[in-house]
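Me: Could you take a close look at one part for me, the place where the two halves of the chain meet? I'd like a connected account that I can follow at the bench.

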Amino acid sequence: MLAGKRIVLGVTGGIAAYKAVEVCRLLVDAGAHVVPVLTEGAEHFVGRTTFSALASEPAQTSLWNEASPIPHTALGQSADLVLVAPATARLLSAYASGYSHDLLTNVLIATRAPVVLCPAMHTEMWEHPAVRANIATLRARGAHLVEPEEGRLAGGDSGTGRLAAPARIVAEVRAVLARGADLAGLHVVVSAGGTREPIDAVRVIANRSSGKQGYALAAEAIARGARVTLVSTVDLPTPAGVDVRRVQTAAEMEVAMGDLAEQADVVLMAAAVADYRPVAPAAGKLKKDQGVPQIVLEPTPDILAGLGARKPAGQVLVGFAAETSDLVANAEAKLARKNLDLIVANDVGAPGVGFQHDTNAVTLLQPGGEVDTVTLTDKRAVAKAVLDTVVRIRSAGADHHPRKQTEKA
Ligand code: PMT
């Protein structure tokens, strides 16, 4: 999987920069074509001669001094993958804000290739809210993170923040490249966020969905080569290349999902759709002196059940189930009732699970009774597990109905 792959290896200025030498060697030994890009800070820790001697091309350090007049676009466009190890807090901040002040940050902004970031820093820095926010932004935009490990840090300290072991970094690079194209040529439609049903001109019935799980699915799907359309009620950073349709109400989401799902290969319904809406929202603002309003509700359409009833041959339809009790039994009932190929059940009463959190824990249920669990992890990792299952469902379908799949393609 690594043979012949062109990897830009970004190295930034942290004590762990010496371990990037080993990462470089492992990648080259596995057959990758490695182009090192060192920041000014990195050169305080390791010399460019070391990387030039081990890598496939001389190390590059500057936007201005190289033979190519625009090295960042050449590097970014030709890369199969950009790996940054170690990634300092400063690099994460610059990349998250699009501040492209040196060759490496320019390459990161100029590339459409998958990006793998391997942060390394002191525990206090790793846990700082600014760093956490930058990590969340970068993840939401599709970057892959190799989390730092616990152990000895510079200056005799110990804690979380140590660069992941070189073998682990290389394994993640392999995994990202391996699944890089497994959704290529497919149209994936994702819904995200909670619907907002108007009561009057200023008030809505809403729910706690932040859209994070849906956006993580969109980021993972596009990183794996899909064409992705996101039907969203929220305004989160959009993963590069994802087409977003904004909606507010269940009725608007039903129209958007109905249109898109007709031609989609995979539909992922992560949105939290209101089950009820006011029958007659007031055109203006309800005034206090009119007394306590009596709001009459009516059921919204069950969008997912409608998609299940009209599901085209070969489409994989995935629903979510937000439960606070009887997780598996309730999710199984929805799986059958809505004619789904997969349901992702989350116990939204459990700590760190479901609405608004950066993390989730899910049980994946299929009609044949196959059950998988994903213990508490970040929402991107949940998205990865969901799409891994979708890929397996598609290939099992292709085995059972080879002609149908070929005709569709
Ligand atoms: O957005 P986050 O803050 O990241 O939180 C993620 C999440 C908790 C919202 C997500 O993981 C999740 O569980 N989404 C589904 C929430 C939900 O509405 O679950 P439900 O069990 O009520 O509905 C079952 C399925 O039917 C869902 O796929 C839902 O989108 C769909 N549905 C429900 C009602 C309705 N009128 N139409 C629908 O299509």
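Reply: Happy to help; below I go through the domain contact and then some features around it.

Please keep in mind that this is a predicted model, in which local features need pLDDT of at least 70 and side-chain atom pairs count only at pLDDT 80 or more, while totals for chains, interfaces and linings use all residues. Residues are numbered from 1 along each chain as its sequence is written, and side-chain values use heavy atoms, with hydrogens and water left out.

The chain splits into domain 1 (6-178) and domain 2 (187-408), with bounds that come from an automatic or database domain assignment. Taken over C-alpha atoms, the centres of domain 1 and domain 2 lie 34 Å apart. Domain 1 brings 7 residues to the contact and domain 2 brings 9 residues, where contact means heavy atoms within 4.5 Å. Between them the domains bury about 630 Å², 55% of it on carbon and sulfur atoms; buried area is the accessible area (1.4 Å probe) that two parts lose on being put together, summed over both. On the domain 1 side, Arg139, Ala140 and Arg141 lose the most area to domain 2, together 60% of what that side buries.

Arg139 also forms a salt bridge with Asp378, their closest N and O atoms being 3.5 Å apart. The term stands for a side-chain nitrogen of Lys or Arg within 4 Å of a carboxyl oxygen of Asp or Glu, and the rule finds 1 salt bridge across this interface. As for polar contacts, there are 3 residue pairs between the domains, both residues at pLDDT 80 or more. Such a contact is a pair of N or O atoms within 3.5 Å; within protein, one must be able to donate a hydrogen and the other to accept it, and residues adjacent in sequence count only if both atoms are side-chain atoms. Helix α8 (residues 129-140) gives the most to the domain 1 side, with 3 residues. Helices (H or I, at least four residues) and strands (E, at least two) are DSSP runs, numbered from the N terminus.

Now for a sheet and its strands. 5 strands form an open sheet with parallel pairing, in the order β2-β1-β3-β4-β5; two strands pair if DSSP finds at least two bridges between them. At the edges are β2 (33-38) and β5 (144-145), each pairing on one side only. Strand β4 (residues 115-119) and β5 pair over 2 bridges, and Leu117 has Leu145 in β5 as its bridge partner. Strand β3 (residues 81-87) holds Pro86, and the peptide bond from Ala85 to Pro86 is cis, with omega near -5°.

Beyond the interface, the structure holds 21 salt bridges. One of them joins Arg224 and Asp182 (2.9 Å, N to O). Arg224 is in the loop between α10 (212-223) and β11 (227-232), and Asp182 is in the loop between α9 (166-179) and β8 (187-192), 42 residues apart.
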